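Hi there,

Here is the structure I promised to pass on to you. Please have a look at it first, and then read my notes below.

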Amino acid sequence: MKNTYATNTGTLPKWNKLDIHSFLRELKETKRIMDENDKKDPYRFDINERFVAQ
Amino acid sequence: MKTIKKILIDSISMKDLLLNKYVLIDTCFLSALQKYPSRFEDLLANLNEHSEGLCVNPLIRLEYLRIAKNAEEKSRIENSLDKFPTLPLEGNVLEEVERIYPLYNLCQSIRNNKQVSLVDAYAVAYLNTYTPRLLFLTFDNGDFPLEILDRISTGAIDVKTQIFTWGLYQINHEKLAKLKKIYTGI
């Protein structure tokens, strides 16, 4: 069956793999800063609430 | 976590599934990574090791950036996102989303009585554009109907307060063609 949806038009280049440890270190630091910001401002919603909608 | 790691590493089929493939990661996966980094580290590492690479698209980037509440947070999150290549938002994808969106909406409205988010529609359009080399990883399995996609692998991660069930998806062109027939009558 001919399939008009199989475009195969995109090509994906080679790229460097993610440095997991550096990435997770950054994430943890960002989360720590966001937690601190949340604590400083009582009207800011809790960090855990940020992720609910996603 | 060890169970998940074992399943991923030992499973020849999982390695086969990821061989020469790229994995588009959903916003919910990024959020879970940030919230529970140690719980998702093994899954991330295995996907990264066995696939050609992990990536995002501009819509997923924007959606994830919503969690930033000031410039410093935004800058930090952007730096983290920059670790992943962002697939370009180009003509092919725009044409694909225009074609796929009504079909995607059709099956979601019939089955789940809900409308499809544009971010999800774009994710599917990217899968179609970069077929067969792009897979999609998400926890929002209900948002990605099997009338369009094949769920080729799945697993669960227990973070104590909840259990995340991830699904790895690829586009199914025959299913799309069937939906098109229903939609257009041709």
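What follows is a short account of what I found in chain B and in its contacts with chain A. Please keep in mind that this is a predicted model.

Let me start with the overall build. Chain B holds nine helices and five strands, and along the sequence they come in the order α-α-β-α-α-β-α-α-α-α-β-β-β-α. The C-alpha trace of chain B spans about 50 × 45 × 30 Å along its principal axes. The radius of gyration of chain B is 17 Å, which agrees with the value near 16 Å for a compact globule of 186 residues. Among those 186 residues, 38% count as buried. If you take the contacts in chain B with a separation of 6 or more, 74% of them come from residues 24 or more positions apart.

Next, the hairpin. Strands β4(B), residues 149-158, and β5(B), residues 163-171, run antiparallel and are joined by nine bridges. One pair to look at is Leu149(B), which stands opposite Ile171(B). Four residues lie between the two strands of this hairpin. One residue in the turn, Lys160(B), has a positive phi near 80° although it is not a glycine. Lys160(B) is exposed, because 7 other C-beta atoms lie within 10 Å and the cut-off for exposed is 12 or fewer.

Two other backbone details may interest you. Asn20(B) sits in the loop between α2 (12-18) and β1 (22-25) of chain B, and its phi is also positive, near 65°. With 10 C-beta neighbours inside 10 Å, Asn20(B) counts as exposed. The other detail is a cis peptide bond from Thr131(B) to Pro132(B), with omega near 0°. Pro132(B) belongs to the loop between α8 and β3 (134-138) of chain B.

Finally, the interface. Here 39 residues of chain B are in contact with 27 residues of chain A. On the chain B side, the elements that give two or more residues are α3 (27-35), α4 (37-50), β2 (53-55), α6 (71-81), α7 (91-111), α8 (118-129) and α9 (173-184). Which of the elements gives the most to this side? The answer is α3(B), with six residues. By class, the side of chain B that touches chain A has 15 nonpolar, 13 polar and eleven charged residues.

Happy to talk it through whenever it suits you.

Best wishes

Methods. Residues are numbered from 1 along each chain as its sequence is written. Chains are lettered from A and ligands numbered from 1 in the order in which they are written. This is a predicted model: local features need pLDDT of at least 70, side-chain atom pairs count only at pLDDT 80 or more; totals for chains, interfaces and linings use all residues. Two strands pair if DSSP finds at least two bridges between them. Two residues are in contact if their C-beta atoms, placed from the backbone, lie within 7 Å. Ala, Val, Leu, Ile, Met, Phe, Trp, Tyr, Cys and Pro count as nonpolar, Asp, Glu, Lys and Arg as charged, and the others, Gly among them, as polar. The radius of gyration is taken over C-alpha atoms; the globule rule is 2.2 Å times the number of residues to the power 0.38. A residue is buried if 20 or more other C-beta atoms lie within 10 Å of its own, exposed if 12 or fewer, and partly exposed in between; C-beta atoms are placed from the backbone.
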